[in-house]
Amino acid sequence: MQNFIKADEFSKPITATRIKESILMTIPTAIYAVIYLVWFNYIETRKVIHFTEMHTRLDDMIPFMEVFVIPYILWFFFIAFCTAYPLLKYEKEDYWRFMIFLGTGMTLFLIISTIFPTIQYLRPAQFERNNIFTALVSVFYKYDTPTNIFPSMHVYNAIGGAFSIQYSKRFSKGWKLCSHFISLSIVLSTMFIKQHCVIDVVSAIALALIMYYVVYRSDITLNFLRKIHFIDPVMEDGEVATQEIRL
């Protein structure tokens, strides 16, 4: 593992100020998480007169493969890691860029689902096999409705996680390659266990690529974060000035 993750050459001493700032950094994320959950619960439980069915011929050609529930579950750990690691390592730029990537896409998803309710009927009526994997899929089918699925946040967030690792200076090429493999397996899992259709996946990929440019390929996000004092400003000589986070 030590050979897979770069040496801790970028780490700063753990001080009371650093711990305080790290805790403060979680506050906007926690507030947004509450807003998201309340909003998502509303669109999931409200009475909707009409849902738009999401379906293509490609969906009928994709077989149900219950083993892909493993990478589907892995998504939860992957996103948690991509969120916690830069926070614990005090990489403010990495943390906030990933949070903006997630928050923007998830907010757009909520808006779309509010005004354009969607549904899919791809789930098998019964499983051809009974095993641990189909049992796990059954749990998701029970608690996760097949509504409000466009675009797929499972796909969007997984791709964002791979981007966050790709642009972190702390990871080796091996880790970065591994993150893309994990992301790809998660993307495929959404279709193989019939949680999402092709349209959901393609739209999520398109949105992720747009946000990739905004968050990681341009200076738009970093300039915004500096303007609101969430990350340190750049001095005239190109060095980064250290300052406390303001909330």
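User: Contact means heavy atoms within 4.5 Å. Which residues of α9 are met by E93, W96, R97 and I100 in α4?

Analyst: This is a predicted model in which local features need pLDDT of at least 70 and side-chain atom pairs count only at pLDDT 80 or more, while totals for chains, interfaces and linings use all residues. Residues are numbered from 1 along each chain as its sequence is written, and side-chain values use heavy atoms, with hydrogens and water left out. α4 and α9 are helices (DSSP runs of H or I, at least four residues, numbered from the N terminus). On the α9 side, the residues met by E93, W96, R97 and I100 are T221, L222, F224, L225 and R226.

User: How is α4 oriented relative to α9?

Analyst: The axes (lines fitted to C-alpha atoms over the stretch in contact, with angles from 0 to 180 degrees between N-to-C directions) of α4 and α9 come within 11 Å. Their crossing angle is roughly 110°. The arrangement of α4 to α9 (65 to 115 degrees) is therefore roughly perpendicular.

User: How is α4 oriented relative to α6?

Analyst: Helix α4 spans residues 92-115 and helix α6 spans residues 153-166. Their axes come within 10 Å and cross at roughly 165°. The relation of α4 to α6 (over 145 degrees) is therefore roughly antiparallel.

User: Which residues of α6 take part in the contact with α4?

Analyst: From α4, the participants are F98, F101, L102, G105, M106 and F109. By class, the contact of α4 with α6 has eight nonpolar, five polar and no charged residues. In α6, the residues met are M153, Y156, N157, G160, G161, F163 and S164.

User: Where does F64 lie, and what separates its C-alpha atom from that of F192?

Analyst: F64 is placed in the loop between α2 (57-61) and α3. Along the chain, F64 and F192 are 128 residues apart. In space, the separation of the two C-alpha atoms is 5.0 Å.

User: Which residues is F64 in contact with, leaving aside its neighbours within four places in sequence?

Analyst: F192, the residue whose C-alpha atom is 5.0 Å from that of F64, is one of the contacts of F64. I193 and K194 are also among them. The other contacts are P124, F127, R129, T134, V137 and Y141.

Methods. Helix = DSSP H or I, 4+ residues; strand = E, 2+ residues; numbered from the N terminus. Parallel < 35°, antiparallel > 145°, perpendicular 65-115°, else oblique. Nonpolar A, V, L, I, M, F, W, Y, C, P; charged D, E, K, R; others polar.
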